[in-house]
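Good morning, and thank you for joining this session. I would like to introduce a structure that may be new to most of you. Please take a moment to view it before I begin.

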Amino acid sequence: MDAVTVSDLVVHRGKRAVLPGLSFAVPEGQVTGLLGPSGSGKSTLMRAIVGVQRVRSGTVTVLGSPAGSPGLRHRVGYVTQAPSVYADLTVRENARYFAALYGRGTREADAALADVGLGEAAGQLVADLSGGQRGRVSLACALVSEPEVLVLDEPTVGLDPVLRVELWERFAALAAAGTTLVVSSHVMDEAARCDRLLLLRDGALLADTTPGQLRADGRSQDLEEAFLNVVRASEEVPA
Ligand SMILES: Nc1ncnc2c1ncn2[C@@H]1O[C@H](COP(=O)(O)OP(=O)(O)O)[C@@H](O)[C@H]1O
Ligand SMILES: [Mg+2]
């Protein structure tokens with residue numbers, strides 16, 4: 001089953017077609033990585049999936065309903081690139097506030113904080129945290145609602161390598177429990193952590209693949225090198 005289906009999606013921002021026409025599907029219960037350099041349209045595409053982006057044409061279907069439908073509100077979690085939590089509340093207060101919004105209890109709030117490695121920092125004001133810690137508070141606030149689809153925009157930026165690995169392990173565990181995750185990144189070394197890969201460049205999909213298939217197509221065990229080989233091949237003008 002596909003959790004997200006995108007058909008002929010066209011999004012303009014300003015006068016430009018940022019997404020000139022995308023089609024793909026995201027299978028449920030997997031981690032799908034949306035990889036591409038800065039400016040390639042990752043955030044725009046994620047906004048379309050959660051239904052906060054004005055689209056020019058095409059359709060985005062999430063769990064069988066049009067993206068942004070009121071019925072999806074509690075079923076789709078979204079963590080933006082800029083942490084969207086309350087600086088003047090503590091970590092725990094933020095988590096409990098979001099838990100209350102989604103009808104969950106303090107136990108779920110505390111569990112979500114522990115999941116992102118913030119159990120110890122629960123009493124600190126968000127204003128006093130590092131950027132990476134704030135990002136994790138945002139993530140905890142999204143986890144607490146236990147959404148069926150979780151859309152995470154560059155959640156590992158600014159995190160130390162140990163925490164990054166822990167978070168990817170957490171994503172894999174969520175997927176194993178049935179959650180569908182769409183996770184963006186601008187660094188290819190996170191691609192190996194994904195079940196599926198959507199490689200975006202200038203708003204177009206260069207590949208809709210898996211790490212294993214990309215290694216085969218790009219003739220390299222190194223995903224970054226494999227990706228570059230695929231890009232080069234796609235740029236060669238047929239004779
Ligand atoms: N509010 C906006 N108005 C006009 N153009 C925008 C706006 N936001 C983003 N863009 C442009 O859309 C393109 C894709 O941006 P974005 O989706 O943020 O890419 P990414 O998340 O991959 O860095 C970029 O060229 C960016 O300059
Ligand atoms: Mg972005």
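Let me begin with a term: two strands are said to pair if DSSP finds at least two bridges between them. Please keep in mind also that this is a predicted model.

With that term in hand, consider strand β7, residues 149-152, which pairs with β8 in the parallel sense over 4 bridges. Within this pairing, L150 stands opposite L181 of β8.

Strand β8 has another neighbour. Strand β3, residues 31-35, runs parallel to β8 and is joined to it by 5 bridges. Here T32 stands opposite V182, and L34 has S184 of β8 as its bridge partner.

How, then, do these strands fit into the sheet as a whole? The sheet is open and consists of 6 strands, in the order β6-β7-β8-β3-β9-β10, with mixed pairing. At its edges are β6 (76-79) and β10 (204-209), each of which pairs on one side only. From one strand to the next, the twist averages 15°.

I turn now to β8 itself, residues 180-185. Are its residues buried or exposed? The strand is mostly covered, with 6 of its 6 residues buried. In a regular strand, side chains alternate between the two faces of the sheet. In β8 both faces are covered: T180, V182 and S184 are buried on one side, and L181, V183 and S185 are buried on the other.

Next, the helices. Helix α5, residues 161-176, forms a right-handed β-α-β unit together with β7 and β8. Helix α1 lies across β3, β6, β7, β8 and β9 (196-201), and runs at about 155° to β8. Helix α4, residues 131-143, lies across β6 and β7, at about 175° to β6.

Helix α1 brings me to the ligand. Which residues surround ligand 1? They are R13, G14, V18, G36, S38, G39, S40, G41, K42, S43 and T44. Helix α1, residues 42-50, gives the most to this shell, with 3 residues. By class, the shell holds 1 nonpolar, 8 polar and 2 charged residues.

To close, I would ask you to retain two points. Strand β8 is covered on both faces and pairs in parallel with β7 and with β3. Helix α1 lies across five named strands, β8 among them, and is also the element that gives the most to the shell around ligand 1.

How values were computed:
Residues numbered from 1 in each chain as written. Chains lettered and ligands numbered in written order. Predicted model: local features only at pLDDT ≥ 70, side-chain atom pairs only at ≥ 80, totals over all residues. Near = placed C-beta within 6 Å. Helix = DSSP H or I, 4+ residues; strand = E, 2+ residues; numbered from the N terminus. Nonpolar A, V, L, I, M, F, W, Y, C, P; charged D, E, K, R; others polar. Buried ≥ 20, exposed ≤ 12 C-beta atoms within 10 Å, placed from the backbone. Right-handed = clockwise from strand over helix to strand, strands pointing away. Axes fitted to C-alpha atoms, helices over the stretch in contact; angles between N-to-C directions. Contact = placed C-beta atoms within 7 Å.
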